[in-house]
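The exercises below ask you to work through a structure, step by step, with the coordinates open beside the text. Try each task before you read its solution.

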Amino acid sequence: MIAAQNPLKFAWLEVTGLCNEFCQHCYADSSPRGTHGAMGVRDWCRVIDQLSDMGALDVQFIGGEPTLYPYLRELIQHANSSGLAVEVFSNMTHIRPELWETFTDYGVKLATSYYSDTAADHDKVTGLRGSHKRTRANIEKALSLNIPLRGGVVAVRSGQRVQEAAQDLSTLGVGTVGGDRTRAFGRASRGASPTIGDLCGHCAHEKCAIGPTGEVWPCVLGRFLTIGNVMRTPLSEIWSGARMVEVLAGITAVHGEGAQSCTPPQFLPMCGPCGPCVPSVGHCDPKETDARADGSTLGAPA
């Protein structure tokens, strides 16, 4: 698929590998030992300019925990001035006062992960005592400021109160609540090598991810399929290059032509909750939507 047939519309910008939580299912293997990588503010601004020039519509700042990145405000301002819509995927435990002002001033959307309606259950997943209290309080604050907010519930532990977590988010007023299972990437792989078959099939279709060292991946989970590096090559050349063609061909060989019909909603701001999503169903395979769509799934409240 050539670049003209596959325009780049969306990018995850992983501005840091630093995170204040210790989640064992973290696909990025981020932690308090993580760093901001090799990309400086000028590098990120250059990438944002290139995305805008290529016709991209949205960026999502991720990590690690992006609110720990000291120059997030500047990058949001630059993305906004470049005509890009911005979403920040945050664990919502560490939001500085100036960031709240930035979110409201520049129309930023937020997304977060939520693991249970109880503090003990949620904190067991994050490995950070008090994380549930802070996350829930900041969800309430975001909603009070009329900041659009999505919530994703990931099934991590046996007996986890995932349905109760989804209901709690809906009760708080979160309009979009999605779900997903733990995916075998990063720490969740427990040493297993990732494969294309573990991906959803959307990777590199109108989207890419860029990491803190400048590496370009087909998605946040597909970081084992490096396409190029923006610190050495312009993004437009990477997107239309031979390695991109090779990666797309590999994904297509496993998942078929074109993107599949479903994407885990906690990752993509342009996607709503998909029908067969876990935790209630137990998996998220678009090829089995009809067989599994029994109405017992997580989704936006009626």
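**Exercise 1.** In this predicted model, determine whether Lys-9 is buried, partly exposed or exposed, and then work out what its salt bridge with Glu-206 connects.

Solution. Begin with accessibility: Lys-9 has a relative accessibility of 34%, and because buried means under 20% and exposed over 50%, Lys-9 counts as partly exposed. Its partner belongs to the same class by the cut-offs, since Glu-206, at 31% relative accessibility, also counts as partly exposed. Next take the distance: the closest N and O atoms of Glu-206 and Lys-9 are 3.7 Å apart, and the two residues form a salt bridge. Finally, locate both residues along the chain: Lys-9 lies in the segment before strand 1 (10-14), while Glu-206 lies in the loop between strand 6 (176-181) and strand 7 (207-210), so the pair ties together parts that are 197 residues apart in sequence.

**Exercise 2.** Describe the salt bridge between Arg-157 and Asp-121, and say how far each partner is accessible.

Solution. The closest N and O atoms of this pair are 3.0 Å apart. Arg-157 sits in the loop between strand 5 (149-155) and helix 6 (162-172), whereas Asp-121 sits in helix 4 (residues 119-126), and the pair links these distant parts of the chain across 36 residues. As for accessibility, Arg-157 is partly exposed, with a relative accessible area of 32%, but Asp-121 is buried, with a relative accessible area of 8%.

**Exercise 3.** Which residues join Arg-161 in one network of salt bridges?

Solution. Start from the pair Glu-164 and Arg-161, whose side chains meet in a salt bridge at 4.0 Å, N to O. Glu-164 is partly exposed at 34% relative accessibility, and Arg-161 is partly exposed with a relative accessible area of 32%. Salt bridges that share partners then join Asp-117, Arg-161 and Glu-164 into one network. For the whole structure, the search finds 11 salt bridges.

**Exercise 4.** Glu-21 is buried; which side chain of opposite charge is nearest to it, and how far away is that side chain?

Solution. Glu-21 lies in the loop between strand 1 and helix 1 (41-53). The nearest side chain of opposite charge is that of Arg-134, 6.6 Å away, and Glu-21 has no salt bridge. Beyond its neighbours within four places in sequence, Glu-21 is in contact with residues including Ser-30, Asn-91, Thr-126 and Ser-131.

**Exercise 5.** How many disulfides does a search of the whole structure find, and which cysteine sulfur is nearest to that of Cys-219?

Solution. The search finds 0 disulfides. For Cys-219 the nearest cysteine sulfur is that of Cys-203, 3.1 Å away, and because a disulfide requires sulfur atoms within 2.5 Å, Cys-219 is in no disulfide. Cys-219 counts as buried at 6% relative accessibility.

**Exercise 6.** Identify the buried residues of helix 3 (residues 97-105) and what covers them.

Solution. The buried residues are Leu-99, Trp-100, Thr-102 and Phe-103. Seen down the axis of helix 3, these buried residues fall within an arc of 160°, so they line one face of the helix. Their cover includes helix 2 (72-81), strand 3 (85-89), strand 4 (109-113) and helix 5 (131-144). Just after helix 3, Gly-107 takes a positive phi of about 60°.

Notes: Residues numbered from 1 in each chain as written. Predicted model: local features only at pLDDT ≥ 70, side-chain atom pairs only at ≥ 80, totals over all residues. Heavy atoms only, no water. Helix = DSSP H or I, 4+ residues; strand = E, 2+ residues; numbered from the N terminus. Buried < 20%, exposed > 50% of the residue type's maximum accessible area, 1.4 Å probe, protein only. Lys, Arg positive; Asp, Glu negative; His and termini not counted. Contact = heavy atoms within 4.5 Å. Arc of directions from axis to C-beta.
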